[in-house]
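Here is a short briefing to read beside the structure. Keep the sequence at hand as you go.

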Amino acid sequence: MIYLDNAATSFPKPESVYQALDRFARTELANPGRAGHKMALAAERALDDCRHLLNQFFHGEGPERFVFTLNCTDALNMAMKGVLAEGDHVITTDLEHNSVSRPLRAMELAGRISLTRLKADAGGTIDPDAVRKAITPRTRLIAQTHASNVLGTVQPIADIGTIAREHDLLFLVDAAQTAGVIPIDVQTLHIDLLAFPGHKSLMGPTGTGALYVGPRAKVGAWREGGTGGDSSSETQPREFPHFLEGGTPNVLGVAGLGAGIRYVMEEEIEKIHRHEAELAERLWRRLDEIGGYEVFGHRDMARRVGTLSFRSEALPAAELGGILDQAFDIAVRPGLHCAPYIHRSIGTFPDGAVRVSPGAFNTKDDIDHLARALAEIGA
Ligand SMILES: Cc1ncc(COP(=O)(O)O)c(C=O)c1O
C-alpha cells in the first residue's frame, strides 16, 4: 500500500516511536501518580518529559500549560467551551474543520454566542484585514486553522495574532495540519490557545493530542476526576495541567508522542516541510501534464503544507478514491474532509474532492506511481 493520507494521521511512524511504545508498554505502563511507586513515577515522568518537549518545541510559557487530550478535536472543544460565555462574539473562517465549526455552530444555534464566518479568498487564504473589520465590542475569540486540511494553504496567523492582541481578544489556533511541519512559536505569534493532534505530523500514535493554554486564557473545568494527587480536595485542583486532565491519561500514547517529537526535532521541521511540499508540487506538475484534473488553492509552495486536493472531470471523488485503493493499492482521502464550508466555497460540495497528503516517509516514486495510476484511470 502506498499511504498518502497523512493529513488524517501519519503512517508509518518513525522506528523510534515503535521502539518507545514497545519499551514503555513492557516496562513502565503503570497509572501515573505523583506520590506512587517506582512504576507510577516512571509513567508520570513520561508525561513530564513530553510536556517539556512540547514547551520547547512551541516556545510555551511553561510545560504545565500543555494539557494532554484524546486528539485535536478534544483540545478544540476544551478551548472553545472553556473560554466562551453567554453573549460572546467569535470570528472564525470557512476553512475550518468540523471540530471547530460544529461546536461553534451548536453554541450559536443555542443562542449562547454570535458568529462571523469569514470566507477565504479564491486561493484559500484569509485576509487579516477582514478579521480586523469583523471585530465588534462583543468579540472575545478568533478561532481558526493554521492550514486548511483541504487546500493545504497556510494562513497568515502572525498578522491575525497581532490583530487579536491589539484588540485584547483571545486567539485560538487549530494546528492540526501544521504542528510538526511548520514552526510555531506561541509567544511571538500571540497564540493564547493552541490545539494540536499528536498523531499527525508530530508522529505520535492515535489517541494523542494537546491544548496549550497561555496565561491570558481563563479556561473552565473540562472533566473533573482523579488527578494522581491532591486527593483531599473536594473539587478539581486548579493547578495546570491537572485542572484539565481528570482521569487516567493515555500515558502509553504520550510516551510514543515524546519519541515522535524528538524525531521531528532531529530531522528538522523545515526539511520535513520542504520534502512534503516538493512531493505536492511534483504531483501538481504531473496532473498538469495528464490533464483533466483541477487542483484547488494557490500554488505558492512556501505558503502550503504538502496536502493537495483535486477533482477529476471524468469521475466523482469517491469513485476515483475507490479505484486508487482497490486497483492500485494507493490510499488517498476522497470526500468532504470534515470541512463542508470550504467545499461549498470551491464548488465541490457535496461530492467533495480527492485529497493527497504525502508525509515524511513518502518518496518521489510514490508520487510517480500515483500519477501513472491517475493517467491510466483518466485515459
Ligand atoms: C484542520 C483540522 N482540525 C482538526 C482536526 C481534528 O483532529 P483529530 O482527528 O485529531 O481530532 C483535523 C483532522 O483531520 C484537521 O485536519
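The points below cover the ligand and then the empty space.

This is a predicted model, where local features need pLDDT of at least 70, side-chain atom pairs count only at pLDDT 80 or more, and totals for chains, interfaces and linings use all residues. Residues are numbered from 1 along each chain as its sequence is written, and side-chain values use heavy atoms, with hydrogens and water left out.

**Around the ligand**
- The ligand has 14 residues around it, each with a heavy atom within 4 Å of it.
- T73, D174, Q177, H199 and K200 come nearest.
- This shell divides into four nonpolar, eight polar and two charged residues.
- Here Ala, Val, Leu, Ile, Met, Phe, Trp, Tyr, Cys and Pro count as nonpolar, Asp, Glu, Lys and Arg as charged, and the others, Gly among them, as polar.

**Polar contacts of the ligand**
- A polar contact here is a pair of N or O atoms within 3.5 Å.
- A polar side-chain atom of K200 lies 2.5 Å from a ligand oxygen atom.
- For a polar side-chain atom of H199, the distance to a ligand oxygen atom is 2.8 Å.
- C72 uses a polar backbone atom, 2.9 Å from an oxygen atom of the ligand.
- The ligand taken alone exposes 390 Å², and the protein buries 89% of that (Shrake-Rupley method, 1.4 Å probe).

**Empty space**
- The whole structure holds one cavity of 30 Å³ or more; a cavity is a set of points on a 1 Å grid over the protein atoms alone where a 1.4 Å probe fits but cannot get out.
- The largest cavity has a volume of about 160 Å³, counted as the space filled by probe spheres set on the points.
- Its lining has 18 residues, each with an atom within 4 Å of a point.
- N6, V181, S201, E276 and P358 lie nearest the centre of the largest cavity.
- The lining of the largest cavity divides into seven nonpolar, nine polar and two charged residues.

Conventions:
A polar contact is a pair of N or O atoms within 3.5 Å; within protein, one must be able to donate a hydrogen and the other to accept it, and residues adjacent in sequence count only if both atoms are side-chain atoms. On a 1 Å grid over the protein atoms alone, a cavity is a set of points where a 1.4 Å probe fits but cannot get out, and a pocket is an open set with protein on both sides within 12 Å along at least five of seven lines; lining residues have an atom within 4 Å of a point.
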